[in-house]
Amino acid sequence: MRQVYKTICPRYNLAMFKFCPSCSSGKINFADGKAFSCPDCGFLYFHNVAAANGCIISVPEENGERLMFLVRGKEPAKGKLDLPGGFVDAGEGVLEGLHRELKEELGWAPQVSPGASLAAIYKLFASFPNVYPYKGISYNTCDMFFCLSAPGLSEKDLVLERSENVSVCFLKPEEIDYDEVAFDSTRRAIKAYLLYRGLAYR
Ligand SMILES: [Zn+2]
């Protein structure tokens, strides 16, 4: 996921917004932590939570499974392990957004038969709140984590979006070094997945 995470979600700090975009009043405020309001003209704008997704792709093996990780190609957390995923675009459902992100980042996505449901392919196993600070604005996100079983998937099936990720690796649960995982949210998601699957983690 192309995100910078923090484990704690503070209230937004959007003090850079000083004027009402409707009437230019300087009395605009963000007092309740959810919406901008203007006492002069009644302008009201909700700064809503953004939806985001991440995916654990599991490749079953004879004695267990391997999980797919991307190796980040740029800062923050360059060289660290990450999961495919990203923000849900306007007009998309979270499953469609995830399916699109896999195609973009991996050059691969699971086959979906005509009329089949994406919900039958991607299983939601965890969701965490997060904060994505970008250029001085904190976007609160609702991250949804899905898992997918992809028997036989290997590196040769993928065409990585190299501007984002330099390589891919498939790790057994016991091989995961959590210090090498890029973001807290991803660490939480991996542990939640292993719990969901009844697998131990270090
Ligand atoms: Zn106003």
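## Exercises: strand E4 and residue Glu 161

E4 and strand E5 (residues 81–82) are antiparallel partners, held together over two bridges. Keep in mind that this is a predicted model.

**Exercise 1. Work out which strands pair with E4, and how many bridges join each pair.**

Step 1. Start with E5: you've just met this partner, with two bridges and an antiparallel sense. Look at Leu 70, which stands opposite Asp 82 in E5.

Step 2. Now go to strand E3 (residues 50–61), which is joined to strand E4 (residues 64–72) by four bridges. These two run antiparallel as well. If you want a residue pair to click on, try Val 59, whose bridge partner in E4 is Arg 66. To get from E3 to E4, the chain makes a hairpin through two residues.

Step 3. Finish with E9, which has six bridges to E4, again antiparallel. Leu 70 turns up here too: Val 168 in E9 stands opposite Leu 70.

So the list reads: E5 with two bridges, E3 with four and E9 with six.

**Exercise 2. Decide whether Glu 161 is buried, exposed or partly exposed.**

Step 1. Find the residue: Glu 161 sits in the loop between strand E8 (137–149) and strand E9 (165–171).

Step 2. Count the C-beta neighbours inside 10 Å, and you get 16.

Step 3. Compare that with the cut-offs: 20 or more means buried, while 12 or fewer means exposed. Because its count is 16, Glu 161 is partly exposed.

**Exercise 3. Find which residues Glu 161 is in contact with, leaving aside its neighbours within four places in sequence.**

Step 1. Skip those sequence neighbours, and the contacts of Glu 161 are Glu 104 and Glu 105.

Step 2. Check the distance to Gly 107 as well. Glu 161 and Gly 107 are 54 residues apart in sequence, but their C-alpha atoms are 7.4 Å apart in space.

Step 3. Zoom out to the chain: of the contacts with a separation of 6 or more, 60% are between residues 24 or more positions apart.

**Exercise 4. Describe the protein chain as a whole: what are its elements, and what box do its C-alpha atoms fill?**

Step 1. Tally the secondary structure: two helices and nine strands.

Step 2. Put the elements in order from the N terminus, which gives β-β-β-β-β-β-α-β-β-β-α.

Step 3. Add the box: along the principal axes, the C-alpha atoms fill roughly 65 × 40 × 35 Å.

Step 4. Round off with burial: of the 202 residues in the chain, 27% are buried.

Notes: Residues are numbered from 1 along each chain as its sequence is written. This is a predicted model: local features need pLDDT of at least 70, side-chain atom pairs count only at pLDDT 80 or more; totals for chains, interfaces and linings use all residues. Two residues are in contact if their C-beta atoms, placed from the backbone, lie within 7 Å. Two strands pair if DSSP finds at least two bridges between them.
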